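Load the model and keep a selection panel at hand. The stops below go from one selection to the next.

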Amino acid sequence: MCVLGDEHRPRDTKPIPRLQNALPRLAATPEVPDEIRHRALELATLAEDAGISSGRRPRGFAATCLYRASHEFGYGLSQQEVADSANTSTTIRAHRDGLLEVLEDRK
């Protein structure tokens, strides 16, 4: 089966990973409320639209979105908890600052 556009992509390349695909697994723990999951997806979309997630590891940036969303709702996941669940050593702080800039620019 050929999906529109596949005929232009070389057969040996993989699709570009998206933040939104990494988030469901990351936020699958029962203690993360749905409102935080939804907000993390919104943040991931904002980051992708702003181009600040390009060239970054999707799990690490998705972890940043989940971290930020948890703090917006007063849930307060720690950077270490989120990094551990994402199985990444990515510095969430660096991604967080870029995400905060995008949020500030939207105001």
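Start by selecting arginine 96 and aspartate 97: their side chains form a salt bridge, with 3.3 Å between the closest N and O atoms. The coordinates are those of a predicted model. Aspartate 97 has a relative accessible area of 36%, so it is partly exposed.

Next, select helix α5, residues 92-106. Its 15 residues should span 21 Å at 1.5 Å a residue, and the end C-alpha atoms are indeed 21 Å apart, so the two values agree. Now colour Ile92, His95, Leu99, Val102 and Leu103, which are the buried residues of α5. They lie on the same side of α5, because the arc they cover around the axis is only 100 degrees. In general, an α-helix has 3.6 residues a turn, so residues three or four places apart point the same way. Turn to the other side of α5 to find Glu101, Glu104 and Asp105, which are exposed.

What do the buried residues of α5 pack against? Show α2, α3 (58-72) and α4 (79-86): these are the helices they contact.

Move to α2, which covers residues 34-50, and select arginine 39 and glutamate 42. Both belong to this helix and sit three residues apart, about one turn. Their side chains meet in a salt bridge at 3.0 Å, N to O. Is arginine 39 buried or exposed? Its relative accessible area is 17%, and the cut-off for buried is under 20%, so arginine 39 is buried. Glutamate 42, at 46%, is partly exposed.

Keep arginine 39 selected and add glutamate 72. This pair also forms a salt bridge, its closest N and O atoms being 2.6 Å apart. The pair links distant parts of the chain, with arginine 39 in helix α2 and glutamate 72 in helix α3, 33 residues apart. Glutamate 72 is partly exposed, since its relative accessibility is 32%.

Add Arg68 to the selection to complete a network of salt bridges that links Arg39, Glu42, Arg68 and Glu72. Over the whole structure, a search finds five salt bridges.

For the last stop, select glutamate 31, in the loop between α1 (19-26) and α2. With 48% relative accessibility, glutamate 31 counts as partly exposed, because exposed requires over 50%. Then add tyrosine 75 and draw a distance between the two C-alpha atoms: glutamate 31 and tyrosine 75 are 44 residues apart along the chain, and these atoms are separated by 9.9 Å.

How values were computed. Residues are numbered from 1 along each chain as its sequence is written. This is a predicted model: local features need pLDDT of at least 70, side-chain atom pairs count only at pLDDT 80 or more; totals for chains, interfaces and linings use all residues. Side-chain values use heavy atoms; hydrogens and water are left out. Helices (H or I, at least four residues) and strands (E, at least two) are DSSP runs, numbered from the N terminus. Buried means under 20% relative accessible area, exposed over 50%, partly exposed in between (1.4 Å probe, protein chains only). The expected span of a helix is 1.5 Å times one less than its number of residues. The arc is that of the directions from the helix axis to the C-beta atoms. Contact means heavy atoms within 4.5 Å. A salt bridge is a side-chain nitrogen of Lys or Arg within 4 Å of a carboxyl oxygen of Asp or Glu.
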